[in-house]
Amino acid sequence: MHIIVCIKQVPDSAQIRVHPVTNTIMRQGVPTIINPYDLFALEEALRLRDEHGGEVTCVTMGPPMADNALRKCLTYGADRAVLLTDRFFAGSDTLATSYALALLIKKVAENWGEPDLIFCGKQTIDGDTAQVGPGIAKRLKLLQLTYVAKIEEFDLEKREITIHRRAEGGIQVLKTKLPCLVTMLEGTNEMRRGTMGDALRAARSEIITWNAAAAGITELALCGLKGSPTIVKKVYAPSPRAEKAYQIEVEDKSVDQICEALIGEVTKRQPGLEKDLVKTSSDY
Amino acid sequence: MADEKFDVIVVGAGPSGNACALTLAQRGLSVLQLERGEYPGSKNVQGAILYANALEKLIPDFREDAPLERHIIEQRIWMMDDRSYCGAHYRSDDFNEEQPNRYTIIRAQFDKWFSRRVVAAGALVICETTVTELARDGNGKVIGVNTDRSGSTIYADLVVLAEGVSGLVGARAGLRSVPKPDTVALAVKEMHFLPSETIDARFNLQGSEGVVIETAGTITKGMTGTGFIYTNKESISIGIGCLISDFTENQETPYGLLEAFKQHPSVKPLLAGSEVKEYAAHMIPEGGYKAIPQLFGDGWLIVGDAGQFVNAVHREGSNLAMTTGRIAAETIADLKANGWAMNASNLSTYKARLDESFVMKDLKKYRNLPNVMHNKHLFTTYPQLLSNAAQTWFRVDGVDKKSKENAIVKSFFKTRKVRGLLGDVIGMARAWR
Amino acid sequence: MNDKAPAPAAPAAGGTRASAKKELPDHLKSYKHVWVLVELERGVVHPVSWELMGEGRKLADQLKVDLCGVVLGPPGGTEKAVADCFGYGADVCYVVEHEALSEYRNEPYTVVATELVNKFQPEILLLGATNLGRDLAGSVATTLLTGLTADCTELAVDADGSLAATRPTFGGSLLCTIYTLNYRPQMATMRPRVAAVPVYVPGRTGKIIRHEVSLPEEDIITKILAFLPDATSNKSNLSYADVVVAGGLGMQNGDNFQLVRNLASVLGAEWGGSRPLVQKGWITSDRQIGQTGKTIRPRLYISAGISGAIQHRVGVEGADLIVAINTDKNAPIFDFAHVGIIADATKVLPALTESFRRRLAAASTLSAAE
Ligand SMILES: Cc1cc2nc3c(=O)[nH]c(=O)nc-3n(C[C@H](O)[C@H](O)[C@H](O)COP(=O)(O)OP(=O)(O)OC[C@H]3O[C@@H](n4cnc5c(N)ncnc54)[C@H](O)[C@@H]3O)c2cc1C
Ligand SMILES: Cc1cc2nc3c(=O)[nH]c(=O)nc-3n(C[C@H](O)[C@H](O)[C@H](O)COP(=O)(O)OP(=O)(O)OC[C@H]3O[C@@H](n4cnc5c(N)ncnc54)[C@H](O)[C@@H]3O)c2cc1C
Ligand SMILES: Nc1ncnc2c1ncn2[C@@H]1O[C@H](COP(=O)(O)O)[C@@H](O)[C@H]1O
């Protein structure tokens, strides 16, 4: 069995700052991490491999430094890692990204076997679009299963997979044929630690690095900025609220007095609310 | 996993571990370096000063791609009381030289860069892996390490402890004791982000010029310690630290001190409008020469902060770390080249080489200083007196200069008495000599 | 779009393209009208579709074109949704009824949506940024090879008639406005609860265009084996609650979190929390509020022991009134809360619960007496 997992190295959004004057991202010192959602995908892939045998290949398209993220995947236990990096890919939107990744996956398949499954994260925390997974599936003419909460059954012989998919108000139980593309929901599993053996192997491994040509990508007009139908026209910081919160006096006040003051403030600012609360409040 | 064996295992990827692993790998030894942080530098307090010389010896062309923030052209030393400071500034265009001598750096980035060099030199570096204990044979010789990852012991002829100030691995193995609270300072530090133009304007800088401010005085509320302010490209590092024993004794919190420091009328305007992103606490070994533990034994050796190699007076640490790491590696590589065993008697050349270097010479010079510095008056009374004196002197109020002079001298003697004053001065002078 | 926003920073390497004049190729000039894909599932329309109808109306008016709803569903199952489309402002409704469309599945929905677009050629196609909308939008846009802007919080039409889709980026620290260049339709998904549901006009009607499709079930590979509805008792309706009470790490332990639920229960409110609580297992992930959880837009939001990190902030900013209880006067939550209390939430919450209980009891006796 061969499983391909798409991972992306992203800036840790908790650490991002915006330059107050130019409104650009101050990248200085912002650490990068593996997109947290992709770890759920990777763990699921590793689990299936451990159960059914085979190999897991992690792929990413990104800057040369993204090899860090890939090496980490190897530390977790992935068998192989491929980095697609080339200046032609700079400025890709989701359409151009899915184009490049689809061709990358084809090349990986040529080298190491057709994938039975392709995994993606639910979404990234920087792009945050959840579009790349479906985009890859479409380009490779694969079936897609998004927001997968659980893999219920995986039958390599019958080439069938049954999964739980998170939908509005409930779970869809879907069954489809392999090969297909799965995007994993968060919280579905917990990333393993990786043994010392994995860690040593990862440290010794080469990250297979391809440029566009090596990956067989020749239609550069479909890549990067050129191949992106969307453009970012304007970036700006959300306008901050003019004033800070109105503070309820707490010095020398009892808790009850504080609560009364708060309720007073709430009813003043949301006049109709209390009446509606009386209607809906579960106590009555 | 088959048994893995290396020439050397280095525990820790701070400046000392990196210097050591780099040199060993360059000399052709097989090296495994283990770091518990997510990446090298991730556990290290950000924002620091890099002394170029020690790094040049390892990576002569480091200026080409190391993540350096600003080169320092001005040093300020402030003696502060609650409302004022009295200080000395030295600024020179000479520091705008082709190969500047000191830089501000951000450790998280710098250590990562350093580590890439270590990997490129051929060492195996594994992060997110904590060494839990040393493995020893029947004779007590260290033969490898165990980690918090599942899998068996990894073996090596020698384990280098570059684990930083806590020295836990070494202590756990009974090779040394953990540092005592009165030899370790706890420093807290924040990064305040500001546009580089704002920093340039506030500190009178241009391009990649930077300023360093070292401070002492009532900001530590009588405890032995200092504060600092460093300019990075787009941020200011501000921190303060005191001996751990003092914190316990005085029931002060490091964070409380830092808050007060930031509110000081001379400091606040420097930080105005900034966004705080990092808050971190870290220990600094300040025991000096007398606190240095046993540095080597059968199959093991200590470098960097783990060996208390910090010159607290001059605020030098990373350069001592790099230098001890390099000297250790050179010693090991020489032993290896001669086919000699990594035992205590052969490794004693490490200590001998250290004694010959500036590291031990500097630390020895200041060996008595830690005791002398443990003097409340240095941090409360004197700053106050200085400030009062300066005010008396500079305020133009119709009082003649001679009377002013008398008043200043009197105020010193009145507050500290002749014996106290003399004692402080003599103690200080002796420790410095 | 906020015209007063500070001057834009040139996006990386995009300077010249951003100012590129959009001259549509001829074959795309015939693309007209604004479409909203109505998310009809098991007989119910997701409210985001009506929110989009409200936003779509504004775009269509400005472009002087029709606003159209697209309703896909089982035979005989679309009538109410179609009527509501008109009630919420659509001029035209495209309706496709087929057995294969009775529940959402990517394959048949993609086929139908793509077919409709190719045949009727809308210039703008809007979907909700729900699991359904995002699943479908990605497939449709890739099939049509057009641009798609995800998870928008603001939609507008600029002077030359192009769609300006604004969305948060980098975890909400920045907003960016994205255009689709020379491609049609211009597609966007919009985050639920950022726009208001427009006023419903009963009896309003419009033109219905039915479209027949051939979707033999045997050609559809993915099968639906079952639908397991969320247990109603546990089901959170956070996104649409009028009042939400939430706790963070400042509640200190899982037991204290009961205080949050108690207040919610007295207020008839929904409850939730910050992300670390999910990680600690105090609450389930469907109760997480913020960037990677639910976006809420209640009339009253009470936060207890939450610092107000940017990822949390983006999920609650739309609330009409934000009350924050936090012991730290410098907590970022006070930067965007309207009313703050610097106090221990574990002490304030029980008292607040009592005060509200007494007050609401009194008010209800009063209203009963009236
Ligand atoms: C606030 C502050 C400001 C300072 N400013 C300066 C300055 O301006 N200039 C200067 O030269 N020096 C400065 N120093 C001192 C300097 O940081 C240290 O001297 C230097 O970092 C020591 O390097 P090291 O490699 O010995 O230890 P560290 O940098 O502490 O590195 C030790 C590494 O080992 C890892 N580790 C520990 N235990 C284990 C384990 N069991 N398994 C695996 N890994 C482990 C740690 O994660 C860490 O990465 C400052 C220190 C502080 C706290
Ligand atoms: C990619 C990514 C996505 C994320 N998505 C989300 C998300 O969707 N939602 C989310 O919430 N977070 C999210 N986060 C996490 C977010 O960055 C913060 O870590 C998180 O919101 C902090 O939760 P907190 O406020 O409960 O905890 P803390 O930050 O620890 O704050 C606790 C607060 O409680 C106060 N406090 C302590 N004791 C008391 C007391 N007795 N009474 C009153 N106040 C007290 C403290 O002063 C403090 O302000 C995300 C992070 C990342 C990196
Ligand atoms: N540059 C990339 N390289 C590899 N995988 C990616 C890349 N961008 C996105 N993905 C995958 O697509 C998923 C959705 O990404 P997004 O559409 O950006 O939210 C991610 O979780 C990844 O699995």
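Me: Cys6(A): buried or exposed?
Reply: Cys6(A) is buried, at a relative accessible area of 7%. Buried means under 20% relative accessible area, exposed over 50%, and partly exposed in between, with a 1.4 Å probe and protein chains only.

Me: What kind of model is this, and how are things numbered?
Reply: It is a predicted model, in which local features need pLDDT of at least 70 and side-chain atom pairs count only at pLDDT 80 or more, while totals for chains, interfaces and linings use all residues. Residues are numbered from 1 along each chain as its sequence is written, chains are lettered from A and ligands numbered from 1 in the order in which they are written, and side-chain values use heavy atoms, with hydrogens and water left out.

Me: How many disulfides are there over all chains?
Reply: Zero. A disulfide here is a pair of cysteine sulfur atoms within 2.5 Å. For Cys6(A), the nearest cysteine sulfur belongs to Cys120(A) and is 3.9 Å away, so Cys6(A) is in no disulfide.

Me: And where is the nearest cysteine sulfur to Cys20(B)?
Reply: On Cys127(B), 16 Å away, and Cys20(B) is in no disulfide either. Cys20(B) is buried, at 0% relative accessibility.

Me: Back to Cys6(A). Which oxygen atom does its backbone contact?
Reply: One of ligand 3: a backbone N or O atom of Cys6(A) lies 2.7 Å from that oxygen. That is a polar contact, a pair of N or O atoms within 3.5 Å. A polar backbone atom of Ile7(A) is 3.4 Å from a nitrogen atom of ligand 3, and a backbone N or O atom of Gln131(A) is 3.0 Å from an oxygen atom of the ligand.

Me: How much of ligand 3 does the protein bury?
Reply: 97% of the 480 Å² that ligand 3 exposes when taken alone. Those areas come from the Shrake-Rupley method with a 1.4 Å probe.

Me: Which elements supply the shell around ligand 3?
Reply: Strand 6 (55-61), helix 3 (94-112) and strand 8 (117-121) of chain A each give two or more residues. Strand 6 has the largest share, three residues. Helices (H or I, at least four residues) and strands (E, at least two) are DSSP runs, numbered from the N terminus.

Me: Which residues come nearest to ligand 3?
Reply: Cys6(A), Asp38(A), Thr124(A), Thr129(A) and Ala130(A), out of 19 around the ligand. A residue counts if one of its heavy atoms lies within 4 Å. The shell divides into eight nonpolar, eight polar and three charged residues.

Me: Now ligand 2. Where does it lie?
Reply: Between chains A and C. It is surrounded by 30 residues, and Ser274(C), Thr292(C), Ser307(C), Asp344(C) and Ala345(C) are the closest. In chain C, helix 8 (275-280) and helix 9 (310-316) each supply at least two residues of the shell.

Me: Which side-chain atom is 2.7 Å from a nitrogen atom of ligand 2?
Reply: An N or O atom in the side chain of Asp344(C). Elsewhere, a polar side-chain atom of Gln311(C) is 2.7 Å from an oxygen atom of ligand 2. The protein buries 83% of the 990 Å² that ligand 2 exposes taken alone.

Me: Change of topic: where does Leu174(A) lie?
Reply: In strand 11 of chain A, residues 170-177. Leu174(A) is buried, at 5% relative accessibility. Its C-alpha atom is 5.6 Å from that of Thr162(A), and the two residues are 12 apart along the chain.

How values were computed:
A polar contact is a pair of N or O atoms within 3.5 Å; within protein, one must be able to donate a hydrogen and the other to accept it, and residues adjacent in sequence count only if both atoms are side-chain atoms. Ala, Val, Leu, Ile, Met, Phe, Trp, Tyr, Cys and Pro count as nonpolar, Asp, Glu, Lys and Arg as charged, and the others, Gly among them, as polar.
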